[in-house]
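Biologist: I would like to know what stands behind the terms used for this model. Please take me through them.

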Number of protein chains: 2
Amino acid sequence: MPQTARRARAAKAAKLQSAAFRRTRSDHSRELAEDYVELIADLIDERGLARGTDVAGRLGVANATVVKMLKRLQDAGLVTQEPYREINLTGEGWLLAENGRKRHRIVENFLLALGLSEETARIDSEGIEHHVSDETLKAMARFVARNS
Amino acid sequence: MPQTARRARAAKAAKLQSAAFRRTRSDHSRELAEDYVELIADLIDERGLARGTDVAGRLGVANATVVKMLKRLQDAGLVTQEPYREINLTGEGWLLAENGRKRHRIVENFLLALGLSEETARIDSEGIEHHVSDETLKAMARFVARNS
DNA sequence: GTAAGAGTTTAGCCTTTGCTAAACTTAATT
DNA sequence: AATTAAGTTTAGCAAAGGCTAAACTCTTAC
Ligand SMILES: [Mn+2]
Ligand SMILES: [Mn+2]
Ligand SMILES: [Mn+2]
Ligand SMILES: [Mn+2]
């Protein structure tokens, strides 16, 4: 029965491909939290404190959007904030931020090593960083080490 | 007044960075449509027609999710479908699908040329493809041409 | 021709991520 | 001390993208 064989092949194709789409969806669900904590860490390091307005300005979204997201990040245990005060990171938040920075730096340097302009490397890396597996990240780091 | 200078620098930093985040958000808003039409095109080429169940199976989502999305894609002029019938692409849909396939192929081959496993290349490329500018895509294609 | 099985649609729900406008608090200026 | 400016929060809205359960239609096998 070639029907059965065809079906089995189709089922395997579906399983393989759906795994990739599932990974992408799960990357996306972590993406914003990573960008927020990384950005907050940068602001704290650069200017001593992170305010909601600065976060909104850097992300290019409205203040109210930031307020709402910060609540979710607090619930997730990444951020602390008293009403009307500046934003701080928890221990876990700092860990995530450091990790994000490392990843981001590698991806951006990789794009530069590939010969792209600073602007393109900056812009493209902001999206790509979240979809890079550990294996790929290592390969990128290796490439950077060799071509710089 | 060094205050003013500092402010100007900060404003420029915010503008630069927010441009990257805006690009990522706009990539995301196109992402799903691209994946759908690419997948529908593949199904039509592989098995002669694309059914909702197949799309759902390959994406790893529920049938109802696909139905809702197909409505949006019809509104966007990318897809046509009569009730209870198979899915077809409009001219515009085929163009987008072809473009997506090209992009996807280049990104996946690039990851392979970088030395990654087939599985990792397949999975990572599914997310990365949507965040790659034309400049980066060209650089990837060049790299593939040299290292294969 | 009818019944069964495969596939599709609808209804109703939820979370996330965005927005504007209005109200509020804090900090700075006078 | 009072006013003002800057920053924050709340309220209310919307679109996108998920889900399950139940109803429906089409095709195929009998
Ligand atoms: Mn980042
Ligand atoms: Mn990012
Ligand atoms: Mn993404
Ligand atoms: Mn994709």
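Modeller: First, a definition: a polar contact is a pair of N or O atoms within 3.5 Å; within protein, one must be able to donate a hydrogen and the other to accept it, and residues adjacent in sequence count only if both atoms are side-chain atoms. This is a predicted model, where local features need pLDDT of at least 70, side-chain atom pairs count only at pLDDT 80 or more, and totals for chains, interfaces and linings use all residues. Residues are numbered from 1 along each chain as its sequence is written, chains are lettered from A and ligands numbered from 1 in the order in which they are written, and side-chain values use heavy atoms, without hydrogens and water.

Biologist: What makes Arg85(A) a polar contact of DNA strand C?

Modeller: A side-chain N or O atom of Arg85(A) is 3.4 Å from a sugar or linking oxygen of the strand. That is within 3.5 Å, so the pair qualifies.

Biologist: Which backbone atoms approach a phosphate oxygen of DNA strand C?

Modeller: A backbone N or O atom of Gly52(B) lies 3.3 Å from one. For a polar backbone atom of Tyr84(B), the distance is 3.0 Å.

Biologist: What makes Glu129(A) a donor of the manganese ion (ligand 1)?

Modeller: Donors are N, O and S atoms within 2.8 Å of the metal (3.2 Å for Na, K and Ca); water is not among the atoms, so sites may look incomplete. The protein donors, Glu129(A) OE among them, lie 2.2 to 2.4 Å from ligand 1. Glu129(A) also coordinates the manganese ion (ligand 2), 3.8 Å from ligand 1.

Biologist: Why is Glu38(A) called buried?

Modeller: Its relative accessibility is 9%. Buried means under 20% relative accessible area, exposed over 50%, partly exposed in between (1.4 Å probe, protein chains only). Therefore Glu38(A) counts as buried. Glu129(A), at 2%, is buried too.
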